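Me: Could you take a close look at one part of this model for me, the nonpolar patch and whatever sits around it? I'd like the cut-offs spelled out as you go.

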Amino acid sequence: MRLQRRATQVAAYAAALAALGAVFALYIRPDFLVLLADRVWACF
């Protein structure tokens with residue numbers, strides 16, 4: 001039971017790091033930032 005909980009915790013941390021890495025990869029692309037700003041601006 002304890003090993004299963006540890007494995008779940010490690011999997012959750014790995015998923016969180018993968019999501020953060022994907023977001024970081026998108027933010028280092030300037031064209032994505034312009035697209036995101038345009039879409040946010042279009043909401044107003």
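**The nonpolar patch and its surroundings**

Reply: Helix H1 (2-27) and helix H2 (30-42) each put at least two residues into the nonpolar patch. Helices here are DSSP runs of H or I with at least four residues, strands are E runs of at least two, and the numbering starts at the N terminus. Before going further: this is a predicted model, with local features needing pLDDT of at least 70 and side-chain atom pairs counting only at pLDDT 80 or more, while totals for chains, interfaces and linings use all residues. Residues are numbered from 1 along each chain as its sequence is written, and side-chain values use heavy atoms, with hydrogens and water left out.

The backdrop is quick to sketch. The protein has 2 helices and 0 strands, and its C-alpha trace spans about 50 × 20 × 5 Å along the principal axes. Of the 44 residues, 2% are buried, where buried means under 20% relative accessible area, exposed means over 50%, and partly exposed is in between (1.4 Å probe, protein chains only). The accessible surface adds up to about 4300 Å², and carbon and sulfur atoms own 72% of that. Those areas come from Shrake-Rupley with a 1.4 Å probe, and for residues only the protein chains shown count as cover.

Now the patch itself. Val23, Leu26, Tyr27, Leu33, Leu36, Val40, Trp41 and Phe44 make it up, for about 850 Å². To get into a patch, a residue needs over 30% relative accessible area and no salt bridge; nonpolar side chains (Val, Leu, Ile, Met, Phe, Trp, Tyr) are joined within 5 Å, and like charges within 9 Å. H2 is the biggest giver, with 4 residues.

On the H1 side, two members deserve a zoom. Leucine 26 sits in helix H1 and counts as partly exposed because its relative accessible area is 34%. Its C-alpha is 33 Å from that of glutamine 4, 22 residues away along the chain. Tyrosine 27 is in H1 too, and at 42% relative accessibility tyrosine 27 is likewise partly exposed.

Tyrosine 27 also has a ring partner. The structure holds 1 aromatic pair: tyrosine 27 with phenylalanine 32, edge-to-face, at 6.0 Å centre to centre and 90° between the planes. For the cut-offs, rings of Phe, Tyr and Trp (its six-membered ring) pair if their centres lie within 6.5 Å; planes under 30 degrees apart are stacked, over 60 edge-to-face, and the rest tilted.

What about the residues where H1 gives way to H2? Proline 30 belongs to helix H2, and it counts as exposed because its relative accessibility is 58%. Its C-alpha lies 46 Å from that of methionine 1, 29 residues apart along the chain. A search of the whole structure turns up 1 salt bridge, and it joins aspartate 31 to arginine 29, with the closest N and O atoms 3.6 Å apart. The criterion is a side-chain nitrogen of Lys or Arg within 4 Å of a carboxyl oxygen of Asp or Glu. Arginine 29 is partly exposed, at 42% relative accessibility.

Last stop, past the second helix. Cysteine 43 is in the segment after H2, and its 65% relative accessibility makes it exposed. The C-alpha atoms of cysteine 43 and arginine 29 are 22 Å apart, with their positions 14 residues apart along the chain.
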